[in-house]
Amino acid sequence: MIITEKITSRNNPTVIAASKLVLRKYREEAGVFTVEGIKLFDEAVAAHAEIKNVFVTKNAFEKYGESIEKSNCEKLFLLTDDVFDKLTSESAPQGIFATVGFYTVPDRSNEDAPFVLVLDGVADPGNLRTI
């Protein structure tokens, strides 16, 4: 994976835009949400989510390079620890932060069966009968 840009300034426009994504208004405008930490990043990759931008520190890039490679992200930014602190809300960040495109459910209103049921995290399969 080729690093798109090395960012050393907290005032970089890309970093400022990413830091604004904590607010719902900006996430909806951009059509993305954020994931922070390797566990959530790996889950997004496993779900074949559209990884837009990945922001990493040097240590995280060395440690999680294989996961980043699998993501097929559009852009990869290498940040200094100081700049990364502007993005994170964690007290002990892992050094990886990504923006992920919203998933849109395909419009099936013109098909024979226009009803679509989406389930997530059904703990008890017996509850599915109730639905």
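Helices here are DSSP runs of at least four residues, numbered from the N terminus. Keep in mind that you are looking at a predicted model.

**Stop 1: helix H4**

Start by selecting residues 58–71, which make up helix H4, and pick out Ser67 within it. Is Ser67 buried or exposed? Its relative accessible area is 16%, and buried means under 20%, so Ser67 counts as buried. Leaving aside residues up to four places away in sequence, Ser67 touches Ile38, Phe41 and Asp42. Show those three as sticks; you'll want Ile38 and Phe41 again at the helix H3 stop.

Now slide along to Asn59, also in helix H4. This one is exposed, at 53% relative accessibility. For a sense of scale, draw a C-alpha to C-alpha distance from Asn59 to Asp112: you should get 52 Å, for two residues that are 53 apart in sequence.

**Stop 2: the sheet**

Next, colour the strands. They form an open sheet of five, in the order S1-S4-S3-S5-S2, and the pairing is mixed. At the edges sit strand S1 (5–7) and strand S2 (32–36), each of which pairs on one side only. Look along the sheet and you'll see it twist, by an average of 20° from one strand to the next.

Zoom in on the S2 end. Strand S2 runs antiparallel to strand S5 (residues 96–101), and five bridges join the two. Select Phe33 and you'll find Val100 of S5 standing opposite.

Bring helix H4 back into view: it lies across strand S3 (51–57), strand S4 (75–79) and S5, and it runs at about 160° to S3.

**Stop 3: helix H3**

Select residues 38–46, helix H3, where Ile38, Phe41, Ala44 and Val45 are buried. Where do these buried residues sit when you look down the axis of H3? They fall within an arc of 125°, so they line one face of the helix. Swing round to the face turned away from that buried side, and you'll meet the exposed residues Lys39 and Ala46.

What covers the buried residues of H3? The cover includes S2, S3, H4 and S5. Before you leave, click on His48, which follows H3 and has a positive phi, near 60°.

**Stop 4: the nonpolar cores**

Hide the surface and go inside. The largest nonpolar core has 17 residues, and the ones with the most contacts inside it are Phe41, Ile51, Val54, Val56 and Ile96. Two or more residues come from each of H3, S3, H4, S4 and S5. Which of these elements gives the most to this core? That's H3, with four residues.

Val54 is a good one to centre on. Not counting residues up to four places away in sequence, its contacts are Phe41, Ser71, Cys73, Lys75, Leu76, Phe77, Ile96, Phe97 and Ala98. There is also a second, separate core of 10 residues, including Val15, Phe77, Phe84 and Leu87.

**Stop 5: the salt bridges**

Finish with the charged side chains, where the count comes to five salt bridges. Three of the pairs are worth a click.

- Asp82 and Arg10: their side chains meet at 3.5 Å, N to O. The pair links distant parts of the chain, 72 residues apart, with Asp82 in helix H5 (residues 81–87) and Arg10 in the loop between S1 and helix H1 (13–19). Asp82 is partly exposed, with a relative accessible area of 44%, and Arg10 is partly exposed as well, at 34%.
- Arg24 and Glu28: this salt bridge comes in at 2.8 Å, N to O. Both residues lie in helix H2 (residues 24–30), four residues apart, which is about one turn of the helix. Arg24 is exposed at 58% relative accessibility, whereas Glu28 is partly exposed at 47%.
- Glu74 and Lys52: here the side chains meet at 3.8 Å, N to O. This pair also links distant parts of the chain, 22 residues apart, with Glu74 in the loop between H4 and S4 and Lys52 in strand S3. Lys52 is partly exposed, with a relative accessible area of 22%.

For the last selection, add Glu50 to Lys52 and Glu74: salt bridges that share partners join these three into one network.

Notes:
Residues numbered from 1 in each chain as written. Predicted model: local features only at pLDDT ≥ 70, side-chain atom pairs only at ≥ 80, totals over all residues. Heavy atoms only, no water. Buried < 20%, exposed > 50% of the residue type's maximum accessible area, 1.4 Å probe, protein only. Contact = heavy atoms within 4.5 Å. Pairing = 2+ DSSP bridges. Axes fitted to C-alpha atoms, helices over the stretch in contact; angles between N-to-C directions. Arc of directions from axis to C-beta. Core = buried A, V, L, I, M, F, W, Y, C linked by side-chain atoms within 4.5 Å. Salt bridge = Lys/Arg side-chain N within 4 Å of Asp/Glu carboxyl O.
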